[in-house]
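Please read the following account with the sequence and the model side by side. The paragraphs go from the interior to the bound ligands and then to some details of the backbone.

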Amino acid sequence: MKEMASNPPKTVAVISADNRLQALKSAFEKKYGDSPQFYACAPGRVNLIGEHIDYCGYSVLPMAIEQNILAAVSVNKSGSIKLANINPLYKDYSVSCSEDIAIDRDNPKWYYYFLCGVKGIQENFGITNLVGMSCVVDGTVPPSSGLSSSSALVCCAGLVTMEANQKSLSKVALAEICAKCERYIGTEGGGMDQSISFLAECGKAKLIEFNPLCATDVKLPAGAVFVISNCCVEMNKAASSHFNIRVVECRIAAKMLAQARGLDCSRLVKLAQVQGELEASLDEMEALVEEVLHPEPYNREEICKALGITTAQFCSELLSSNTQHVTHFRLYQRAKHVYSEARRVLRFKHVCDSEPADALKLLGDLMNQSHSSCRDLYECSCPELDQLVELCLKSGAVGSRLTGAGWGGCAVSMVPVEKVDVFLKAVREGYYLNDPRRAAMEKQSLFVTNRRRGCHFY
Ligand code: ADP
Ligand code: NG1
Ligand code: MG
């Protein structure tokens, strides 16, 4: 708890001894003709279990990974924020500090994620005159692959802006600000990614709880490692509506369940809030879903009638701007996934805490159930990811599941230590080497994760 209340740490690094920092420093000097004044770093994450439930108010269980977003920064007197990226695919951008920061959610370019972080800090402190900054960003989190490159970028930008404007915030405050401000890009996420990016500690996974935000250590069993494998299908969450459609479906499901139990549904927007109001168990909530909702998709008329609202209210109060076209909603399947997944997270934590002899098997089973639920009820997998998960299980994993939002991206597998070499060889040969495009990406796509620390400065 003490750690969570503290500010992001400053780490002493010998820049010349770190190839990546050295390359970033050189790129900065070439670009701006001066040396960076400081560096900020924010890690990506892998979620071990608890998918698509953070925005419903439920706890999740991620850990930070080695891959991160790193920025070199100096304060300038030009009255503008200048952004550049080591990767030439991400173009330079400059914005005046005296203008309102505009984020175009219809065109989610990389620099708008950075500006989300800037805007979050600006609004929190009511800063009217942001200082000018020159920044070069270098990222190693595979983008649009469920390891949260977007939030690492937003968190890094939040940190940079705080430091450059000589402000100070705790990690918890930063996590909450960055969860809120990433929504300016359009995705209505729940806060898992920003929370673990700030609150992670070396060697530890965390149970992240919301309202209030709290991170508790989870001791993972010693006999297994976690391996990430990317199916090499990218899914840009802000440029598509898949993610927000699920958020909307959960919001509608919450209101329908609340209405059916005579609660004031205008106030309730999250499935966890409905559980709280009813003082029911997760098992009872699943039974309520069975009783109240039907498996066939709902159309707009049926929902409006049940909730006693007009189509105009439905569009303005329940849909987001990028889901206005959606006509059918699978409320039963989405709510069933959320309540069962919330229960799996608690069971996973319980197994880790109680360390039974068959812990690996129990945890593996929970991960496999989570993947099935994501694939069949939440429909957020894709054929390549399902094929990869199957292969991971055949290659020695005791559990394997998609991680992050899905529709592409990575699987996380729990592999007994003694089987790791055989596992990596089988997955390499079975998924990557027989396809030239995947083979070229293999090095950054298949790796054992280490539990890393959270955001920090150099
Ligand atoms: P993820 O699952 O990785 O969070 P998102 O679709 O949410 O995927 O976000 C991906 C977006 O984040 C990219 O399209 C890009 O705009 C931004 N991004 C990721 N990595 C970098 C990077 N190294 N530099 C700049 N922008 C990045
Ligand atoms: P990714 O895949 O990193 O974009 C998203 C959300 C999370 C969470 C997961 C699914 C954002 C910033 N992130 O992550 O909050 O809902 O999907 O569990 O929206
Ligand atoms: Mg993201």
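In this predicted model, the largest nonpolar core has 156 residues, and the members that touch the most others are Tyr58, Phe114, Leu271, Leu293 and Phe314. Helix H7, which covers residues 242-260, gives the most to this core, with 11 residues. Apart from it lies another core, made of 10 residues, including Ile15, Leu24, Tyr39 and Cys41. To see how one member of the largest core is surrounded, the reader may turn to Phe314: leaving aside its neighbours within four places in sequence, Phe314 is in contact with Ile252, Arg300, Ile303, Cys304, Ile309, Leu319 and Phe329.

The first of the two sites to visit is that of ligand 1. Around ligand 1 there are 19 residues, of which Asn85, Gly146, Ser149, Ser150 and Lys237 come nearest. Several of these residues can be followed down to the atoms. A polar atom in the side chain of Asn85 lies 2.9 Å from a nitrogen atom of the ligand, while a polar side-chain atom of Ser149 lies 2.6 Å from an oxygen atom of ligand 1. In the case of Lys237, an N or O atom of the side chain is 2.8 Å from an oxygen atom of ligand 1. Taken alone, ligand 1 exposes 570 Å², and the protein buries 93% of that area.

Which helices each supply at least two residues of the shell around ligand 1? Helix H3 (110-125) and helix H4 (149-164) do so, and H4 gives the most, with three residues. Sorted by class, the shell around ligand 1 has nine nonpolar, nine polar and one charged residues.

Ligand 2 is likewise surrounded by 19 residues, and here the closest are Glu51, His52, Asp54, Asp193 and Ala405. The side chain of Glu51 has an N or O atom 2.6 Å from an oxygen atom of ligand 2, and the side chain of Asp193 has an N or O atom 2.7 Å from a nitrogen atom of the ligand. With Ala405 the pairing involves the backbone, a polar atom of which is 2.9 Å from an oxygen atom of ligand 2. On its own ligand 2 has 440 Å² of accessible area, and the protein covers 97% of it. Helix H6 (residues 192-199) provides the largest share of the shell around ligand 2, namely three residues. By class, this shell has four nonpolar, nine polar and six charged residues.

There remain some details of the backbone. Asn211 and Pro212 are joined by a cis peptide bond, with omega at about 0°, and Pro212 has its place in the loop between strand S6 (205-209) and strand S7 (214-218).

Positive phi values also occur in residues other than glycine, and Glu279, with phi near 50°, is one of them. Glu279 is placed in the loop between helix H8 (271-278) and helix H9 (282-292). Trp407, also not a glycine, has a positive phi of about 60° and lies in the loop between strand S11 (399-402) and strand S12 (410-416).

Are these two loop residues, Glu279 and Trp407, buried or exposed? Glu279 has a relative accessible area of 73% and is therefore exposed, since exposed means over 50%. Trp407, at 8% relative accessibility, counts as buried, because the limit for buried is under 20%.

How values were computed:
Residues are numbered from 1 along each chain as its sequence is written. Chains are lettered from A and ligands numbered from 1 in the order in which they are written. This is a predicted model: local features need pLDDT of at least 70, side-chain atom pairs count only at pLDDT 80 or more; totals for chains, interfaces and linings use all residues. Side-chain values use heavy atoms; hydrogens and water are left out. A nonpolar core is a set of buried Ala, Val, Leu, Ile, Met, Phe, Trp, Tyr and Cys residues joined through side-chain atoms within 4.5 Å. Buried means under 20% relative accessible area, exposed over 50%, partly exposed in between (1.4 Å probe, protein chains only). Helices (H or I, at least four residues) and strands (E, at least two) are DSSP runs, numbered from the N terminus. Contact means heavy atoms within 4.5 Å. A residue is near a molecule or strand if one of its heavy atoms lies within 4 Å of it. A polar contact is a pair of N or O atoms within 3.5 Å; within protein, one must be able to donate a hydrogen and the other to accept it, and residues adjacent in sequence count only if both atoms are side-chain atoms. Accessible areas come from the Shrake-Rupley method with a 1.4 Å probe; for residues, only the protein chains shown count as cover. Ala, Val, Leu, Ile, Met, Phe, Trp, Tyr, Cys and Pro count as nonpolar, Asp, Glu, Lys and Arg as charged, and the others, Gly among them, as polar.
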